Protein chains: 2
Amino acid sequence: MFKELNPLLHSELRLAVMSVLLSVESADFVYLREQTGATAGNLSVQLDKLQKAGYITIEKGFKGKMPRTTCAITQDGVAAFEEYVAALRSYIGKGI
Amino acid sequence: MFKELNPLLHSELRLAVMSVLLSVESADFVYLREQTGATAGNLSVQLDKLQKAGYITIEKGFKGKMPRTTCAITQDGVAAFEEYVAALRSYIGKGI
DNA sequence: ATAAAGTAGTTTATAATATAAACCAAATAT
DNA sequence: ATATTTGGTTTATATTATAAACTACTTTAT
């Protein structure tokens, strides 16, 4: 009847992050914070979870002298997102 | 950019309950438990929250000698569900 | 008639999650 | 020099979800 909703994606902030990363090749921490409106602390924690799940990659480097964290979605991430959307359909119908 | 996801509806079980109630005039506790696969305890708690939010009505009566709890979605509930679905679109795109 | 098992739930304790506040290190501005 | 800003992380707290334990009653078996 109802498909399971991947709990890693069924989170407002993590879903927003994935949504942003789907539409760009990569995005840095600050951009993600701006786009999602999240606090830095919350974003840091949620990015970590997405990385541990293998849904995104996180690269740390420097832009000039300033630290810079760059994120990108992985193939697994894309697949998980698509599955999540498909699962949602079982709750929502085609009305979305 | 991203619309807020009503936290009362952004819960797997509560969303499933609302989804069931949208498609029927009313449903009793046992039917909801069967359709959602939830434990009775969890269902009891979540129904309470939906009722307190005004999204469903809960009527307690008897079928013969056995207690019977009947639930139905309210107009507010329908509206909230539709808004939730609309908000989801901002994360999901038209891909759903 | 009584005991055992089942039904329909509620309450409560615990685990998981989300979130913000507090913190840190380095860079830049005054 | 020191104050402020930037780019984060860590950690403490509040919220949420969930199952386990319980209540109250009914049905069935003995």
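How many residue pairs are in polar contact across the interface of chain A and chain B? Across this interface the rule finds 6 such pairs, with both partners at pLDDT 80 or more. Please keep in mind while looking around that this is a predicted model. The legends below start with a single chain, move on to the pair of chains, and then visit each DNA strand.

**View 1. Chain A on its own, with 4 helices and 3 strands.** Followed from the N terminus, the elements of chain A come in the order α-β-α-α-β-β-α. A box of roughly 55 × 25 × 20 Å, taken along the principal axes, holds the C-alpha atoms of chain A. Two of the helices to look for are H1, at residues 12–23, and H4, at residues 75–92. Both of them return in the view of the interface.

**View 2. A closer look at A:Asp76 in helix H4 of chain A.** Setting aside residues up to four places away in sequence, A:Asp76 touches A:Gly54 and A:Tyr55. For a sense of scale, try finding A:Ser26 as well. A:Ser26 and A:Asp76 are separated by 50 residues in sequence, and their C-alpha atoms are 15 Å apart in space.

**View 3. The interface, where 23 residues of chain A are in contact with 23 residues of chain B.** Together the two chains bury about 2,100 Å², and carbon and sulfur atoms make up 67% of that area. The count of salt bridges between chain A and chain B is 0, while 6 residue pairs are in polar contact across the interface. On the side of chain A that touches chain B, helix H1 and helix H4 each supply at least two residues. H4(A) provides the largest share, with 8 residues. Sorted by class, this side of chain A has 13 nonpolar, 6 polar and 4 charged residues.

**View 4. Chain A superposed on chain B by a rotation of 180°.** The shift along the rotation axis is 0.0 Å, and the RMSD of the superposition is 0.0 Å. The two copies are therefore related as by a two-fold rotation axis. Both copies use the same surface, as 100% of the contact residues of chain A recur in chain B.

**View 5. DNA strand D, surrounded by 21 residues.** Which residues are the closest to this strand? They are A:Ser44, A:Lys60, A:Thr69, B:Ser11 and B:Arg14. Of the atoms of DNA strand D that come within 4 Å of the protein, 67% are accounted for by sugar and phosphate. Three side chains are good places to zoom in on the phosphates. An N or O atom in the side chain of A:Ser44 is 2.4 Å from a phosphate oxygen of DNA strand D. For A:Lys60, a polar side-chain atom lies 2.8 Å from a phosphate oxygen of this strand. From the other chain, B:Arg14 places a polar side-chain atom 2.5 Å from a phosphate oxygen of DNA strand D.

**View 6. The protein surface near DNA strand D, drawn from both chains.** Chain A gives two or more residues from each of helix H2 (29–36), helix H3 (40–52) and strand S3 (66–73), and chain B does so from helix H3 (40–52). H3(B) gives the most to this surface, with 5 residues. By class, 8 residues are nonpolar, 8 are polar and 5 are charged.

**View 7. DNA strand C, with 21 residues around it.** The residues that come nearest are A:Arg14, B:Phe29, B:Ser44, B:Lys60 and B:Thr69. Sugar or phosphate holds 70% of the atoms of DNA strand C within 4 Å of the protein, and bases hold the rest. Chain B offers several side chains to inspect here. A polar side-chain atom of B:Ser44 sits 2.4 Å from a phosphate oxygen of the strand, and for B:Thr69 the corresponding distance to a phosphate oxygen is 2.4 Å. B:Lys60 has a polar side-chain atom 2.8 Å from a phosphate oxygen of DNA strand C.

**View 8. The protein surface near DNA strand C, again drawn from both chains.** Here H3 of chain A gives two or more residues, as do helix H2 (29–36), H3 and strand S3 (66–73) of chain B. The largest share, 5 residues, comes from H3(A). This surface has 8 nonpolar, 8 polar and 5 charged residues.

Methods: Residues numbered from 1 in each chain as written. Chains lettered and ligands numbered in written order. Heavy atoms only, no water. Contact = heavy atoms within 4.5 Å. Buried area = accessible area lost by both parts, 1.4 Å probe. Salt bridge = Lys/Arg side-chain N within 4 Å of Asp/Glu carboxyl O. Polar contact = N/O pair within 3.5 Å; in protein donor to acceptor, adjacent residues only side chain to side chain. Nonpolar A, V, L, I, M, F, W, Y, C, P; charged D, E, K, R; others polar. Near = heavy atom within 4 Å. Least-squares fit on C-alpha atoms with pLDDT ≥ 70 in both.
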